[in-house]
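I am opening a fresh page in my notebook for this structure. Come along while I look up what surrounds the ligand and what space lies inside the protein.

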Amino acid sequence: MTDHLPQRVRVERRAVSEEESRQANGPDWDRYADEYQATHGGFLGNTGFVWGPEGLTEEEAGVLGDVDGRDVLELGSGAGQCSRWVRVRGGRSFGLDLSARQLQHSKRIDEESGIAVPSVRGTATALPYAGASFDVVFCSFGAMQFIADLEAAVGEVARVLRPGGRFAFSVTHPTRWSFPDDPSEAGLTATSSYWDRTPYVEVDDDSGQVSYVEHHRTLGDWVGVLARHDFRIVALVEPEWPEGHDRVWGGWSRVRGRLTPGTAVFAADLAS
Ligand SMILES: C[S@@+](CC[C@H](N)C(=O)[O-])C[C@H]1O[C@@H](n2cnc3c(N)ncnc32)[C@H](O)[C@@H]1O
């Protein structure tokens, strides 16, 4: 699930609340942000929009639709690369992220690039915006798989979208959950149940505190939560591993990517 395992943590699978997930993941992303941006910033591009480690760009995928003149919100916006791509194309994009350090990187790139993405610190489960404020809400490997209370998060997206608005997000492909997070051949043998939703949890050995959490949903869970909040799915993109792409990102690699999907990109429209 992750390429940032700190020195002294043990991995567990157990239930964790929304509050516990947030209290772990905010500080975790604060600690990891510098390394994340140093390692992946070049691949992401200051004004680039990639949906995942396969490098599928929004230019290629086109799942947001035309963003020109649209009000756009990015959840789990990190350093705001995707939102800057939207700004370059005439969209009024805004960022929201749990991690203050990620947002400091966003501010740094705003200044370096001259393209500023107004961003706030917050959680995708309680959005600080009035209802019907946005035409598009999106999330590129942002908040969705870090959230325990998915009903709250998707409910919030439905609330802040205008009727007919689009919600698009990428997550680790649900089928990956059964496999070890290993980019080598060892990551090709299923070792746990696809239907086991028990979260992946890292616990700090010294303090005993939960330090990182990821949540799993099956494909059916995603379809269900979107349907319950009046969304109609318009696309499920499963990027193929491109020829000549040899970059390893955590458990994503050519070895695995040529055989199994690593990323799922959902796009859904709110009822009009
Ligand atoms: C893998 S990074 C992706 C960031 C950015 N979209 C990118 O492509 O680089 C995940 C981001 O989600 C943020 N995040 C995690 N849980 C969140 C939550 N509950 N609400 C908002 N953001 C969250 C993290 O702080 C982190 O910046």
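**Entry 1: the shell**

Which element gives the largest share of the shell around the ligand? I looked it up in this model, which is a predicted one, and found helix 1, with three residues. I then listed the elements that give two or more residues to this shell, and they are helix 1, covering 18–44, and strand 3, covering 92–97.

I noted 21 residues around the ligand; those that come nearest are Tyr36, Asp97, Gln102, Ala124 and Ser140. Sorted by class, the shell has ten nonpolar residues, nine polar ones and two charged ones.

**Entry 2: polar contacts of the ligand**

Next I looked up some distances. The side chain of Tyr36 has an N or O atom 2.7 Å from an oxygen atom of the ligand. For Gln102, I found a side-chain N or O atom at 2.9 Å from a ligand oxygen. Ala124 takes part through its backbone: one of its polar backbone atoms is 3.0 Å from a nitrogen atom of the ligand.

How much of the ligand's accessible area does the protein cover? I wrote down 96% of the 600 Å² that the ligand has on its own.

**Entry 3: the largest cavity**

I turned to the cavities and found three of 30 Å³ or more. The largest cavity holds about 720 Å³ of space. I counted 46 residues in its lining, and Trp29, Tyr36, Phe141, Gly142 and Phe146 are the closest to its centre.

What takes up the space of the largest cavity? It is the ligand. Tyr36 is therefore a name I have now written twice: it is among the residues that come nearest to the ligand, and among those closest to the centre of this cavity.

Helix 1 came up again here, as it gives the lining its largest share, eight residues. The elements that give two or more residues to this lining are helix 1, helix 3 (81–88), strand 3 and strand 8 (210–214). By class, I noted 21 nonpolar, 19 polar and six charged residues in the lining.

**Entry 4: the second largest cavity**

My last stop was the second largest cavity, with a volume of about 120 Å³. Which residues are the closest to its centre? Of the 13 that line this cavity, they are Gln145, Thr172, His215, His216 and Arg217. I sorted this lining too, and it divides into five nonpolar, five polar and three charged residues.

Notes
Residues are numbered from 1 along each chain as its sequence is written. This is a predicted model: local features need pLDDT of at least 70, side-chain atom pairs count only at pLDDT 80 or more; totals for chains, interfaces and linings use all residues. Side-chain values use heavy atoms; hydrogens and water are left out. A residue is near a molecule or strand if one of its heavy atoms lies within 4 Å of it. A polar contact is a pair of N or O atoms within 3.5 Å; within protein, one must be able to donate a hydrogen and the other to accept it, and residues adjacent in sequence count only if both atoms are side-chain atoms. Accessible areas come from the Shrake-Rupley method with a 1.4 Å probe; for residues, only the protein chains shown count as cover. On a 1 Å grid over the protein atoms alone, a cavity is a set of points where a 1.4 Å probe fits but cannot get out, and a pocket is an open set with protein on both sides within 12 Å along at least five of seven lines; lining residues have an atom within 4 Å of a point. A molecule sits in a cavity or pocket if more than half of its atoms lie within 2 Å of its grid points. Helices (H or I, at least four residues) and strands (E, at least two) are DSSP runs, numbered from the N terminus. Ala, Val, Leu, Ile, Met, Phe, Trp, Tyr, Cys and Pro count as nonpolar, Asp, Glu, Lys and Arg as charged, and the others, Gly among them, as polar. Grid points are joined across faces, edges and corners, and a volume is the space filled by probe spheres set on the points.
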